[in-house]
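User: I would like a close look at a single part of this model, followed by an account of its surroundings. Please keep the description formal and connected.

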Amino acid sequence: MTLLDGKYIASQIRNELREQVAAIVASGRRAPKLGIVIVGHNPASETYVANKLKACADVGINAEKIAFEDTITEADLLREVAKLNADNSIDGYIVQLPLPAHINEQTILSAIDYRKDVDGLTPENVGRTVQGLPSIVSATPRGISELLSRYHIPTEGKHVVVIGRSNIVGKPMAMLLMQRPYLSLPKLSAAAVGNATVTICHSKTTDLKSICLTADIIIVAAGCPGLLTADMVREGVTVIDVGITRVEDANAPKGYRLVGDVDFASVAPKCAFITPVPGGVGPMTIVSLLQNTLQAYLQ
Ligand code: NAP
């Protein structure tokens with residue numbers, strides 16, 4: 001069994017990005033700039049935003065946190081989005097989710113100029129990905145693609161089971177896997193997943209176990225700790241665990257620990273490759289946002 005070390009691969013990619021950004025600046029151009037919109041004070045969101053700011057600084061990408069109180073109206077937030085669309089000093093930006101209940105997330109995401117949509121969540125970018133046109137791909141599927149690619153795990157002709165159908169992970173992941181490769185992801189990326197036969201599963205899927213037992217690769221993004229167990233996988237499978245759930249743990253320094261969707265102890269011995277949680281998909285997601293920002297800058 002080989003552990004897919006997302007932390008290590010992400011650090012390699014950060015080194016590459018640092019060099020690319022340094023070369024841009026050395027040529028007299030300004031550094032790329034990312035905007036991060038956050039509404040309210042959700043502690044998990046604050047942590048994610050802080051990590052993204054730190055990651056940008058690490059590779060030389062400028063980043064600006066654009067914070068609003070959770071009393072902001074949807075109309076005012078739309079005006080702020082319009083300002084960011086028009087701001088030539090910002091190459092790409094994200095709106096940290098979730099938004100407060102009185103704001104319709106889809107309305108806000110749809111208002112983002114797709115060329116600046118470095119989370120790859122606008123209908124335009126999703127549609128372009130579906131059609132195999134150059135697009136900005138959602139960070140987590142992009143990161144998983146990089147991970148598979150850099151460990152030389154082929155997807156062509158393989159049966160890949162994706163558990164979860166969210167707009168942010170499951171759907172775009174399935175789309176990249178079934179595509180002819182190289183169409184959606186730019187040359188900037190080493191990732192070349194595609195040509196797989198894909199089955200998408202969700203909470204209404206009957207007999208998930210039988211489907212998983214036919215998989216060469218399983219990508220699980222359900223947010224259900226321990227969902228994938230040893231009896232559901234065959235020997236030699238590759239397992240990508242996207243799930244992140246905070247579980248209270250009095251012995252952990254922060255009072256909680258992060259667990260994935262895979263019963264790692266029982267599943268790992270049967271795997272050819274498996275991602276740990278933490279240290280697998282998570283670091284790849286953050287570095288993919290940096291890649292997307294550079295892509296938005298260069299286009
Ligand atoms: P989501 O929007 O809640 O979607 C979860 C999906 O899993 C849904 O499609 C749901 O089915 C399906 N599902 C739930 N329980 C299931 C079950 N028992 N059997 C089969 N399918 C089931 O979540 P998400 O945003 O995609 O995130 C999924 C997980 O990944 C979460 O733990 C999240 O924190 C984590 N995540 C991690 C990263 C990272 O960087 N590592 C990035 C993004 C998300 P229905 O559609 O039928 O409800």
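Which residue in strand 11 does T2 stand opposite?

Analyst: In this predicted model, the residue opposite T2 is F273 of strand 11. T2 lies in strand 1, which spans residues 2-3, while strand 11 covers residues 271-274. Strand 1 and strand 11 run parallel and are joined by two bridges. In general, the strands of a sheet pair through backbone hydrogen bonds, in either a parallel or an antiparallel manner.

This pairing belongs to an open sheet of six strands, whose order is 1-11-8-7-5-6 and whose pairing is parallel. Strand 1 is one of the edge strands and pairs on one side only. The other edge is formed by strand 6, residues 197-201, which likewise has a partner on one side only.

As for the wider setting, the protein chain holds ten helices and eleven strands. Its radius of gyration is 19 Å, close to the 19 Å that the globule rule gives for 299 residues, so the chain is as compact as a globular protein of that length. Along the principal axes, the C-alpha atoms fill a box of roughly 50 × 40 × 35 Å. Buried residues account for 48% of the 299 residues. Of the contacts with a separation of 6 or more, 70% involve residues 24 or more positions apart. The exposed area of the protein chain is about 13600 Å², of which carbon and sulfur atoms supply 55%.

The chain is divided into domain 1 (29-113) and domain 2 (137-282), and the C-alpha centres of these domains lie 27 Å apart.

How values were computed. Residues numbered from 1 in each chain as written. Predicted model: local features only at pLDDT ≥ 70, side-chain atom pairs only at ≥ 80, totals over all residues. Heavy atoms only, no water. Pairing = 2+ DSSP bridges. Helix = DSSP H or I, 4+ residues; strand = E, 2+ residues; numbered from the N terminus. Domains from an automatic or database assignment. Rg over C-alpha atoms; globule rule 2.2 N^0.38 Å. Buried < 20%, exposed > 50% of the residue type's maximum accessible area, 1.4 Å probe, protein only. Contact = heavy atoms within 4.5 Å. Areas by Shrake-Rupley, 256 points an atom, 1.4 Å probe, with all protein chains shown as cover.
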